[in-house]
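User: Could you take a close look at the open and enclosed spaces in this protein for me, and then at the parts around them? I'd like the cut-offs behind each term as well.

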Amino acid sequence: ARRIAALRDGGAAWQATEAEVARPAPEPAPPPPPPTGLAARLEALKRDTALSVGPPAARENAPSRLRSRLDALRRDSGRTPESEAPRALQRAPSAGMADFERLFPAQSRATPHGPAWVLQDTLPHEAPHGDRALGSALAFDAAAVGAALAVLTGDPAMRGFDLRGALFIDLESTGLALTGATLPFLVGAAHFHGEALVLEQWLLRTPDDEEAALHDLAARIEAADWLVSFNGRTFDLPLLGTRWRMHRQHDPSGALAGHLDLLPVSRRTLKHGLPNCRLGTLESRVLGLHRVDDVAGSEVPGCYHAWLHDANPAPLAGVVKHNRLDVLSMVTLLDELLGRVLRPESTLLRDPECALKLAERARKHGAPELAERIFTAAALLPSTREAAEKGLARMARAARRGRGP
């Protein structure tokens, strides 16, 4: 109020009171303590950043000062400076690489993209797997094998199938998605060479080995005529095709004569009386193979991640064994499927319903002799006599219509 009055009177009427004169002046605030540690480094970065947008003379040495300050910040925070990061990454996997190479002795095959790590084993055709030998299917006549597969698949092109030119393939990956984020870190393949079965497994020591492994695998596929897989048409081959495209490599599967996927054939032929047609179920219920201490499929990605994280290759041993059994089981599963067609009397005694379905498929897909053989044998059994007689009657009517005008 006094100040307002003084302003109204021109400013001359206002004077400080004695109390105001006697009031001490406030003490100045103490200066903030100088920054230390990370705070000091950040302040230095701020100054260097300010210099980088200043006059040209001040900007000359700003980038080097920024980099030195950034490295100092990383050291204070426990991180590795950028200049030392590549050497640190190279040291991390090498800690367990010697153990890896002792646990998985393999061939190091030279490729234009570096070495490919390939485990190889040669098994005699009489080597047992489950309740049969690995080379049991070699006893079938080649022409009969093609005719049987044409009946099983409904594809006439399968008549040209050659078991000695077939490559059995199965892979293990870090996931089930068909995207660029899924890495096939182990690919197993087997083919007959003479009377022996050659098994190869491409194992990635690090993800950087993938390009070399894909190149060497492509060369193996190009040497084959036919591909045999278990659910490979919907997963294995599409995933490998994605990886080949990502690395700008040629996809060799397009030049094959054909691809035999055993999963749909097994569902069509063997599903009667089984809870499902997974490979493990077919092994225990049909092929006489019982796995011991096997790695579950859901645990496979975690085993590879554990190797990359801990540099401990021990968890991968179970995955390599799992993949090996998968590939060998496909070989004996093909023998079982061919036997269902080429040994129909045995099939009729073991699984009459399967035998009758095979007879119908043979009748529809151009194998009337096989259909008549199965129906005739089935007519001798009381449990299948009625169905077999109906099948023979249908074949007789079809034959009469074929001779008509």
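Analyst: Happy to help; here is a walk through the pocket, the cavities, and then the sheet and loops.

A word on the basis: this is a predicted model, where local features need pLDDT of at least 70 and side-chain atom pairs count only at pLDDT 80 or more, while totals for chains, interfaces and linings use all residues. Residues are numbered from 1 along each chain as its sequence is written, and side-chain values use heavy atoms, with hydrogens and water left out.

Let's begin with the pocket. On a 1 Å grid over the protein atoms alone, a pocket is an open set of points with protein on both sides within 12 Å along at least five of seven lines, whereas a cavity is a set where a 1.4 Å probe fits but cannot get out; lining residues have an atom within 4 Å of a point. Grid points are joined across faces, edges and corners, and a volume is the space filled by probe spheres set on them.

The largest pocket has a volume of about 770 Å³. It is lined by 27 residues, of which Glu172, Leu176, Gly297, His322 and Asp326 are the closest to its centre. Six elements each supply at least two lining residues: strand E5 (166-172) and the helices H9 (232-246), H10 (262-270), H11 (279-287), H12 (300-310) and H13 (314-342). Helices (H or I, at least four residues) and strands (E, at least two) are DSSP runs, numbered from the N terminus. The top contributor to this lining is H11, with 4 residues. Sorted by class, the lining holds 11 nonpolar, 8 polar and 8 charged residues. Here Ala, Val, Leu, Ile, Met, Phe, Trp, Tyr, Cys and Pro count as nonpolar, Asp, Glu, Lys and Arg as charged, and the others, Gly among them, as polar.

Now for the enclosed spaces. The whole structure contains 2 cavities of 30 Å³ or more. The largest cavity encloses about 50 Å³, and around it sit Pro184, Val187, Trp202, Leu204, Glu210, Ala213 and Leu214. Helix H8 (residues 210-222) gives the most to this lining, with 3 residues. By class, the lining of the largest cavity has 6 nonpolar residues, no polar ones and 1 charged.

The second largest cavity holds about 30 Å³ of space. Its lining consists of Arg268, Thr269, Lys271, His272, Cys354 and Lys357, and H10 and helix H15 (352-364) each supply at least two of its residues. This lining divides into 1 nonpolar, 2 polar and 3 charged residues.

Strand E5, which we met in the pocket lining, also belongs to an open sheet of 7 strands in the order E1-E2-E7-E6-E5-E8-E9, with mixed pairing. Two strands pair if DSSP finds at least two bridges between them. Strands E1 (107-111) and E9 (258-261) are at the edges with a single partner strand each, so one side of each has no neighbour in the sheet. On average, neighbouring strands are turned by 30° against each other, direction ignored; axes are lines fitted to C-alpha atoms, for helices over the stretch in contact, and angles run from 0 to 180 degrees between N-to-C directions. E5 and E8 pair in the parallel sense over 3 bridges, and leucine 167 stands opposite leucine 227 in E8.

An aromatic contact also involves E8. Rings of Phe, Tyr and Trp (its six-membered ring) pair if their centres lie within 6.5 Å; planes under 30 degrees apart count as stacked, over 60 as edge-to-face and the rest as tilted. The count is 4 aromatic pairs. In one of them, phenylalanine 161 and tryptophan 226 have ring centres 5.4 Å apart and planes at 55°, so the pair is tilted. Phenylalanine 161 lies in the loop between helix H7 (142-153) and E5, and tryptophan 226 in strand E8 (residues 226-229), so the pair ties together parts 65 residues apart in sequence. Both phenylalanine 161 and tryptophan 226 are buried, where buried means under 20% relative accessible area, exposed over 50% and partly exposed in between (1.4 Å probe, protein chains only).

Finally, two loop residues deserve a look. Most residues other than glycine have a negative phi. Asparagine 231, in the loop between E8 and H9, has a positive phi of about 70° and is partly exposed at 28% relative accessibility. Aspartate 293, in the loop between H11 and H12, has a positive phi of about 55° and is exposed, with a relative accessible area of 73%.
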